[in-house]
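Colleague: I have a few informal questions about this one before I set anything up. Could you go through it with me?

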Amino acid sequence: MTILCVRFQLPPMYEAALPQLLGLLEEFTPVVEALPPDGALADLRGAERYFGRDAVELASVIRVRALALYGIDCVTGAGPGPMLARMALRDARPGLTRAVPEGEERDFLAGKPVVALPGVGTATARTLCEYGLDTLGRVAAAPLSTLQRLVGAKAGRELHEKANGVDRGRVVPNGVSRSLATERPFTRDELDPGRHRRALLSAAEELGARLRAVDKVCRTLTLTVRYADRSATTRSRTLPEPTAHSAALTRAAYGMYEALGLQRARVRSIALRTEGLAPAEQASHQLTFDPVDEKVRRIEEVADRARAKFGPRAVMPGSLAA
């Protein structure tokens, strides 16, 4: 177990603490990969030898230091590779690191549904389930040729390897990506999908206005839904073109939300993050010749001028909805 996947339990709107927490991890190893908004991967191969402790013991030290220095708890998964560490994190709890020892990868994966494997989407999972391959144990036992006929040569080979616990990923050191984020907490655990969508609309309009204010466009939008039991779901989507257009951000946010298929979920907060920021003058815009889209963009320009002159509350969130 040489890889840790750590998720810090950051309070809402406290993501600025992540660089400091990454610095804490870098006291143990220089090989740290940020996973905004609240996580990181750390390769501890050298640290295990240097400190004379295994990854689980080092995870306990990291948790204690995060609590002592920043008052922030964390959950941790450990495994021989990044994929297994990420999957182990889903079973972790504060104070209890979920570890996948070397040699036990197949046992850890066997009972999990195929959709739990990174890279397996709903369409692939549906195809596999139609043939009775509904768990990773059954996928691992299936002949490689069968998987390749079902999902393709390359995808079948990767699926076969991952289901058998072969993790070829590696930790790539980086910094916290430049991004903008906003969060909409609810005053109580919210069940109403309509209120969820209104929160998404408000957040997307805010991010669009902030991007346009600094002359930036974004390439990726990330949605994080936090639930009453303190768990969270995060999804990212690469946009068709770099944009700061609030309507485009709203459509992408709605699409990710609908894909979650939440059924009576008690949602505590909804957050959006724009990533892959670039100067607006370097971005191209595909002309649609859609009069509605052009009208909305003109309204955005007027609203931006009103904000610049009278302040951010000059235009109420949701007033630009098409």
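Colleague: Where in the chain is confidence lowest, and where is it highest?

Modeller: This is a predicted model, and its confidence is lowest in helix α12 (residues 291-310), where the mean pLDDT is 60, while strand β4 (residues 74-79) has the highest, at 95. Over the chain the mean pLDDT is 85, and 84% of the residues reach 70 or more.

Colleague: What should I do with the coordinates where pLDDT is low?

Modeller: Where pLDDT is low, the predicted coordinates should not be read in detail.

Colleague: OK, on to pockets. What is the volume of the largest pocket, and which residues are closest to its centre?

Modeller: The volume of the largest pocket is about 2000 Å³. Its lining is made up of 49 residues, and those closest to the centre are Arg-7, Ala-232, Thr-233, Thr-234 and Arg-235.

Colleague: Which element gives the most to that lining?

Modeller: Strand β8 does, with 6 residues. At least two lining residues come from each of β1 (3-8), β3 (39-43), α4 (82-89), β7 (216-227), β8 (232-243), α11 (246-260) and β9 (267-275).

Colleague: And how does the lining split by class?

Modeller: There are 25 nonpolar residues in the lining of the largest pocket, together with 12 polar and 12 charged ones.

Colleague: Changing topic to the rings: how many aromatic pairs does the structure hold?

Modeller: The structure holds 2 aromatic pairs. In one of them, Phe-28 and Phe-51 lie 5.5 Å apart, centre to centre, with 50° between their planes, and this pair is tilted. It links distant parts of the chain, given that Phe-28 is in the loop between α1 (18-26) and β2 (32-35) whereas Phe-51 is in helix α2 (residues 45-51), 23 residues apart.

Colleague: What about Tyr-50 and Phe-51, and why is that pair edge-to-face?

Modeller: The ring centres of Tyr-50 and Phe-51 are 5.0 Å apart and their planes meet at 85°, so this pair is edge-to-face, the cut-off for that class being over 60 degrees. Taken together, ring pairs link Phe-28, Tyr-50 and Phe-51 into a cluster.

Colleague: Within that cluster, is Phe-28 buried or exposed, and where do Phe-51 and Tyr-50 fall?

Modeller: Phe-28 counts as buried because its relative accessibility is 9%. Phe-51 has a relative accessibility of 36% and is therefore partly exposed, and Tyr-50, at 69%, counts as exposed.

Colleague: Which charged end sits over the ring of Tyr-254?

Modeller: That is the charged end of Arg-197, which lies 3.9 Å from the centre of the Tyr-254 ring.

Colleague: Back to the backbone for a moment. What is the phi of Arg-264, and where does Arg-264 lie?

Modeller: Arg-264 has a positive phi of about 55°, although it is not a glycine. Arg-264 is in the loop between α11 and β9, and its relative accessibility of 67% makes it exposed.

Colleague: Let me ask about two other arginines. Where do Arg-90 and Arg-98 lie?

Modeller: Arg-90 is in the loop between α4 and β5 (98-99), and at 48% relative accessibility it counts as partly exposed. Arg-98 belongs to strand β5, and it also counts as partly exposed, at 30%.

Colleague: How far apart are the C-alpha atoms of Arg-98 and Leu-4?

Modeller: They are separated by 9.9 Å, with their positions 94 residues apart along the chain. For Arg-90 and Thr-76, which are 14 residues apart in sequence, the C-alpha to C-alpha distance is 8.8 Å.

Colleague: Last topic, the helices α10 and α11. Is Leu-207 buried or exposed, and what about Ser-246?

Modeller: Leu-207, found in helix α10 (residues 193-213), has 0% relative accessibility and therefore counts as buried. Ser-246, in helix α11, is also buried, with a relative accessible area of 3%.

Colleague: And how far is Ser-246 from Gly-208 in space?

Modeller: The C-alpha atoms of Ser-246 and Gly-208 are 4.6 Å apart, although the two residues are separated by 38 positions along the chain. Leu-207 and Leu-249, which are 42 residues apart in sequence, have their C-alpha atoms 8.3 Å apart.

Terms used. Residues numbered from 1 in each chain as written. Predicted model: local features only at pLDDT ≥ 70, side-chain atom pairs only at ≥ 80, totals over all residues. Heavy atoms only, no water. Phe/Tyr/Trp six-rings, centres within 6.5 Å; stacked < 30°, edge-to-face > 60°. Helix = DSSP H or I, 4+ residues; strand = E, 2+ residues; numbered from the N terminus. Buried < 20%, exposed > 50% of the residue type's maximum accessible area, 1.4 Å probe, protein only. Lys NZ or Arg CZ within 6 Å of the ring centre and 35° of its normal. pLDDT = per-residue confidence, 0-100. 1 Å grid on protein atoms, 1.4 Å probe; cavity = no way out; pocket = protein on both sides within 12 Å on 5 of 7 lines; lining within 4 Å. Points joined across faces, edges and corners; volume = space filled by probe spheres on them. Nonpolar A, V, L, I, M, F, W, Y, C, P; charged D, E, K, R; others polar.
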